[in-house]
Amino acid sequence: MLYSEMAQKTAASEGTLFHMNQMGHEQIVYCHDEATGLKAIIAIHNTVLGPSLGGTRMWPYQSENDALKDVLRLSRGMTYKSALAGLNLGGGKAVIIGDSRKDKSEALLRRFGQFVESLSGKYITAEDIGISTRDIEYMAEETNHIAGLPESRGGGGDPSPVTAFGVYMGIKASAKYAYGSDSLEGKRILVQGAGNVGSHLVELLSKEGAIIAISDIHEDKVAALAGRFKLEVIQHDKVYESPMDIYAPCALGATINDETMEVLQCDIIAGGANNQLDDEIRHGAMLIDRSMIYAPDFLINAGGIINCYSEVIGYNRDEAYRKTEGIYNVTLNVLKTAAEKRKPAQAVAIDLAIDRIDAIKSIGARM
Ligand code: NAD
C-alpha cells in the first residue's frame with residue numbers, strides 16, 4: 001500500500017505502532033539523553049535483504065510527530081532504494097531533532113553512536129542532511145555499525161559525489177526517454193539546493209554544457225557555487241514559476257505538492273532529494289496528466305547507498321561508480337514500463353523493489 005493511502009486511513013491521534021503496522025516497519029527506537037540534549041528516533045523498516053542501512057538526519061522538526069513521519073517515510077524509502085539497486089541491505093533511517101548549526105556536540109553524536117551500537121548491527125548509520133563526515137567519526141568512537149567514514153580511516157568518505165553521479169545518470173536516462181537523446185547540452189536545468197549533492201551535480205551538468213539555474217535558502221552556498229560555475233541564481237521562493245526543461249530537486253522532500261503543481265512547468269523532474277512527491281498517488285497521477293516525466297527519487301539517488309554498501313563489504317570506489325552507472329538503464333526501463341502500463345513511475349519502481357524482496361524472502365536466503 002502506498003503511503004498516501006495509509007495516511008488517508010490514519011487518524012492524527014493514532015500511535016506509533018499503528019503507523020508501523022500500516023507501513024510495515026519492524027522496529028522503532030526512541031533515543032533520549034538529558035545530559036547531551038539528544039532526542040532521536042531510529043526506524044528499521046525491513047531487514048529481509050540484510051541489515052538496515054540509512055543515514056541520520058539532523059533537523060529542527062516542529063514536532064515529534066513531524067520527526068516520526070519523516071523517519072518512517074525515509075526508512076521505508078531506503079528499503080526500496082537498496083532492493084532496487086540490487087544491494088543486500090534492508091531499509092532504516094534515523095533523525096536527530098535539533099538544529100545542526102547550533103545543537104550538535106561531540107558528546108551528543110557519541111551518545112547517539114551508543115544507541116546505534118545497542119542495536120548490534122541491525123541498523124547501520126551514515127550521513128544525511130545536517131550530519132557531516134566529521135560527525136560520523138564521532139559516532140564511530142562508540143559504534144562499528146557505521147558507513148561514510150573518511151577514506152583515510154578505511155571508509156568511502158562523503159557519499160554525495162556518488163549520489164550526484166547517480167542522479168546525473170537518472171537525468172540523462174530521463175532525457176533519452178523524453179527527447180530521444182541523452183545529451184543535456186543546452187537544456188535548462190534548475191538545481192534546487194546547493195548542498196553536497198546539488199553542488200556535485202552542478203559540476204557534472206556544467207561539464208556537459210547544460211544551462212544551469214541554482215537556488216538555495218542560504219546565500220553563502222549559492223555564492224560559493226556561482227564563483228566556480230556559470231549559473232543563474234533563482235530566489236528560493238521563485239523556483240517553481242521559473243522556466244526550465246528539467247527540475248532537479250536536491251534539497252528537502254515534498255516539493256511536488258498541490259501548490260507547486262499549480263505553477264511548475266517542465267518536461268522532467270529528476271533530482272536527489274528523498275520523498276519528492278508529497279502524495280505518491282495523487283501527485284504521481286497529476287504528473288502523468290501533465291505529461292511530466294518523473295524519475296523516482298529512491299531509484300536515481302541510490303549512488304550514496306551503493307557507496308555505503310561498498311564500504312560495508314570492503315570499499316572499492318570504482319566498483320561503486322560502476323554499479324551506480326546502472327541507474328541509467330533501470331531508469332529507462334522504469335519509465336518505459338510506466339508508459340506501457342499507464343502507471344506512475346514511482347509505483348512501477350516500488351513494484352520492482354517489492355518483487356525482489358519477496359523473491360529473496362521466499363528462498364530463505366542466508367544473511
Ligand atoms: P545538504 O544539507 O548538503 O544540502 C541541502 C541544501 O538544500 C542546503 O544547502 C540547504 O540550504 C538547501 N535547502 C533547504 N531547503 C531549501 C529550499 N526550500 N530551497 C532551496 N534550498 C534549500 O544535503 P545533501 O546531502 O546535499 O542532500 C540533499 C538531498 O538529497 C536530501 O533530501 C537528502 O536526503 C538527499 N540525499 C542525499 C544523499 C547524499 O549522499 N548526501 C543521498 C541520497 C539522498
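**Exercise 1. Pairing in a parallel sheet**

Task: Find how strand β11 (residues 268–269) pairs with β12, and over how many bridges.

Solution. Step 1: β11 and β12 run in the parallel sense, and two bridges connect them. Please keep in mind here that you are looking at a predicted model. Step 2: To see one of the partners, go to Ile 268, whose bridge partner in β12 is Ile 293. Step 3: Now widen the view to the open sheet of six strands, with parallel pairing and the order β9-β8-β7-β10-β11-β12. Step 4: The edges are held by β9 (232–233) and β12 (293–294); each has a single partner strand, so one side of each has no neighbour in the sheet.

**Exercise 2. A hairpin**

Task: Work out in which sense strands β1 and β2 run, and which residue between them has a positive phi.

Solution. Step 1: Locate β1 at residues 27–33 and β2 at residues 38–46; the two are antiparallel and joined by seven bridges. Step 2: Pick Cys 31 and look across to β2, where Ala 40 stands opposite. Step 3: Follow the chain through the hairpin, which has four residues between the strands. There you meet Gly 37, with a positive phi near 80 degrees. Step 4: In general, strands of a sheet pair through backbone hydrogen bonds, parallel or antiparallel.

**Exercise 3. The overall build**

Task: Decide whether the radius of gyration of the protein chain agrees or disagrees with that of a compact globule.

Solution. Step 1: A compact globule of 367 residues would have a radius of gyration near 21 Å. Step 2: The protein chain has 19 Å, so the two agree. Step 3: Look at the extent as well: the C-alpha trace spans about 50 × 45 × 45 Å along its principal axes. Step 4: Within that space there are 15 helices and 12 strands, and buried residues make up 56% of the 367 residues. Step 5: Turn to the contacts between residues at least 6 apart in sequence: 66% of them join residues at least 24 apart. Step 6: For the surface, about 15800 Å² is exposed, with carbon and sulfur atoms supplying 47% of it.

**Exercise 4. The cores, and a lysine beside Leu 184**

Task: Find which residues have the most contacts inside the largest nonpolar core, then decide whether Lys 172 is buried or exposed.

Solution. Step 1: The largest nonpolar core holds 63 residues, and Leu 184, Val 191, Leu 201 and Leu 205 have the most contacts inside it. Step 2: Helix α6 (residues 160–179) gives the most to this core, with eight residues. Step 3: Another core lies apart from it; its 23 residues include Cys 31, Ile 42, Ala 94 and Tyr 138. Step 4: Return to Leu 184, which, beyond residues up to four places away in sequence, touches Tyr 168, Lys 172, Leu 205 and Ile 246, among others. Step 5: Lys 172 is found in helix α6. Its relative accessible area is 12%, under the 20% cut-off, so Lys 172 is buried. Step 6: Leaving aside neighbours within four places in sequence, the contacts of Lys 172 include Asp 182, Glu 208 and Tyr 328.

**Exercise 5. Three salt bridges**

Task: Find where the residues lie in the salt bridges Lys 93 with Asp 128, Arg 134 with Glu 137 and Glu 151 with Arg 317.

Solution. Step 1: The structure holds 21 salt bridges. In the bridge of Lys 93 with Asp 128, the closest N and O atoms are 3.2 Å apart. Lys 93 sits in strand β5 (residues 90–97) and Asp 128 in the loop between β6 (123–124) and α5 (133–140), 35 residues apart. Step 2: Both count as buried, Lys 93 at 3% relative accessibility and Asp 128 at 17%. Together with Arg 57 and Asp 70 they form a network of salt bridges. Step 3: Arg 134 and Glu 137 meet at 3.6 Å, N to O. Both lie in helix α5, three residues apart, about one turn of the helix. Arg 134 is partly exposed at 42% relative accessible area, whereas Glu 137 is buried at 16%. Step 4: For Glu 151 and Arg 317, the closest N and O atoms are 3.6 Å apart. Glu 151 is in the loop between α5 and α6 and Arg 317 is in helix α13 (residues 317–325), so this pair ties together parts 166 residues apart in sequence.

How values were computed. Residues numbered from 1 in each chain as written. Predicted model: local features only at pLDDT ≥ 70, side-chain atom pairs only at ≥ 80, totals over all residues. Heavy atoms only, no water. Pairing = 2+ DSSP bridges. Core = buried A, V, L, I, M, F, W, Y, C linked by side-chain atoms within 4.5 Å. Buried < 20%, exposed > 50% of the residue type's maximum accessible area, 1.4 Å probe, protein only. Contact = heavy atoms within 4.5 Å. Rg over C-alpha atoms; globule rule 2.2 N^0.38 Å. Areas by Shrake-Rupley, 256 points an atom, 1.4 Å probe, with all protein chains shown as cover. Salt bridge = Lys/Arg side-chain N within 4 Å of Asp/Glu carboxyl O.
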